[in-house]
Amino acid sequence: MNQGRQRQILGYLREREDDMVNLLGSLVNIDSPSTDKECLDGICETLQNLWQDTGAQTEIIRQESYGNHLRAEWGQGPEQILVLCHMDTVWGKGEAARRPFRVEGGKAYGPGAYDMKAGIVEAIYAARCLNDLELSPPGRVVVLHNSDEEIGSPSSRGLIEEEAKKSKAVLVLEPSADAGAIKTWRKGVGMFQVKIAGRPAHAGSNYEMGASAIREAAHQVLYLHGLTDLDEGTTVNVGTIVGGSRSNVVAEETVLGVDLRVKTAEVANWVIPKIMGLRPKDPRVTVTVTGELNRPPMERNHQNMALFHLARSVGMEMGMQLTESGTGGGSDGNFTSALGIPTLDGLGPVGGGAHARDEYLLVSSLPDRASIVAGVLLSL
């Protein structure tokens, strides 16, 4: 792709910054919490209409319990490029009315604006740009909007992996890392529950007859946190403890909620058996562990780095300097990268405050990041 074409793409999208902002505002003002099927099905239909306006072929993939998913396809050719943009947010129904979309000081605010409805706008306008400029990607582009990413993608993971296996590359339009860095790695995420069953007794008159689940929990918490290795990027965090009934009763039961983050599959394969294999210090107590690695690590491997170098070259032709980084949080890119498919994440806007009430994006980054997406689609 020559520099002139890339500059043409950038110019087209910068001229349409206001239109992109208006579309973003309309999407932000539609509630789409992960757990509200009615809301999600509504925004799914809205997105279907938007994609049909671009000439894309669309399919609503209906779900019984979760929100419906949307598949949009455009372009031609034997090869496929997959673009991922989830449409659910962490914000409950009514949040958009309480905090409607607004733009102040060059920043756009609103529930889900940064994570990740701006990425959806980028995808739609990248397609419009290439269509209007009569520039064709070297194959089919499939865009998936899933409804459950923020809760671990339980109903969409299979669909994502199926489409990824057909694809030569995957672009994830999640928000950027700090200062606009592209994400070339993400930690894997594990979620575990540790149930500890002890023996109740009167804490005053019969203490020795009891076996405290809380005392056992204290030992297990220290052991679990001891598995943390910051140099390796591994963290084990007991985030919740629920147990006991009264202060004068030796605790019969305690439940721990455990979060695991790992940078590589090798480390995951080492640490997970240690979590699953917990043994009680007090032989009168039983310890039961359930859980799994919900998202495998998206590793900084040569496939992902090659895709980043392509994006960086596209950026340079547009006069932008792209950097790369990673994050401890997971995304659907974890699934595709673990399959060995080149995956590039964080192509969404520059901003901050994901999952916070002050989340925002820099308005000027919206057309610029859409330009990178369009340029990469062509260059692949």
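Student: Why does Arg16 count as partly exposed?

Tutor: In this predicted model, Arg16 has a relative accessibility of 24%. Partly exposed covers the range between under 20%, which is buried, and over 50%, which is exposed. The value of 24% falls in that range, so Arg16 is partly exposed.

Student: And what makes Glu15 count as exposed or buried?

Tutor: Glu15 has 64% relative accessibility. Exposed means over 50%, so Glu15 is exposed.

Student: How do you know that Arg16 forms a salt bridge with Glu15?

Tutor: The closest N and O atoms of Arg16 and Glu15 are 3.5 Å apart. The rule asks for a side-chain nitrogen of Lys or Arg within 4 Å of a carboxyl oxygen of Asp or Glu, so this pair qualifies. By this rule the count comes to 18 salt bridges.

Student: What makes Glu161 and Arg157 a salt bridge, and where do they lie?

Tutor: Their closest N and O atoms are 2.9 Å apart, and the limit is 4 Å, so the pair passes. Both residues lie in helix H6, four residues apart, about one turn of the helix.

Student: Why is Glu161 called buried?

Tutor: Buried means under 20%, and Glu161 comes in at 17%, so the label fits. Its partner Arg157 has a relative accessible area of 29% and is therefore partly exposed.

Student: What about Arg261 and Asp259: how do you know that they meet in a salt bridge?

Tutor: Their side chains come to 2.9 Å, N to O, and that is within 4 Å, so they form a salt bridge. Arg261 is partly exposed at 22%, and Asp259 is partly exposed at 22%. Elsewhere, salt bridges that share partners join Arg71, Glu73, Glu162, Glu163 and Lys166 into one network.

Student: Glu163 belongs to that network. Is Glu163 buried or exposed, and why?

Tutor: Glu163 has 3% relative accessibility, and the limit for buried is under 20%, so Glu163 is buried. Glu163 sits in helix H6, which spans residues 157–165. Leaving aside neighbours within four places in sequence, Glu163 is in contact with Arg71, Gln80, Leu82, Val142 and Leu144.

Student: Let's turn to pockets. What is the volume of the largest pocket, and which residues lie nearest its centre?

Tutor: The volume is about 490 Å³. The pocket is lined by 27 residues, and Glu149, Glu150, Gly329, Gly330 and His355 lie nearest its centre. By class, the lining has eight nonpolar, nine polar and 10 charged residues. Strand S13 gives the most to that lining, with three residues.

Methods:
Residues numbered from 1 in each chain as written. Predicted model: local features only at pLDDT ≥ 70, side-chain atom pairs only at ≥ 80, totals over all residues. Heavy atoms only, no water. Helix = DSSP H or I, 4+ residues; strand = E, 2+ residues; numbered from the N terminus. Buried < 20%, exposed > 50% of the residue type's maximum accessible area, 1.4 Å probe, protein only. Contact = heavy atoms within 4.5 Å. 1 Å grid on protein atoms, 1.4 Å probe; cavity = no way out; pocket = protein on both sides within 12 Å on 5 of 7 lines; lining within 4 Å. Points joined across faces, edges and corners; volume = space filled by probe spheres on them. Nonpolar A, V, L, I, M, F, W, Y, C, P; charged D, E, K, R; others polar.
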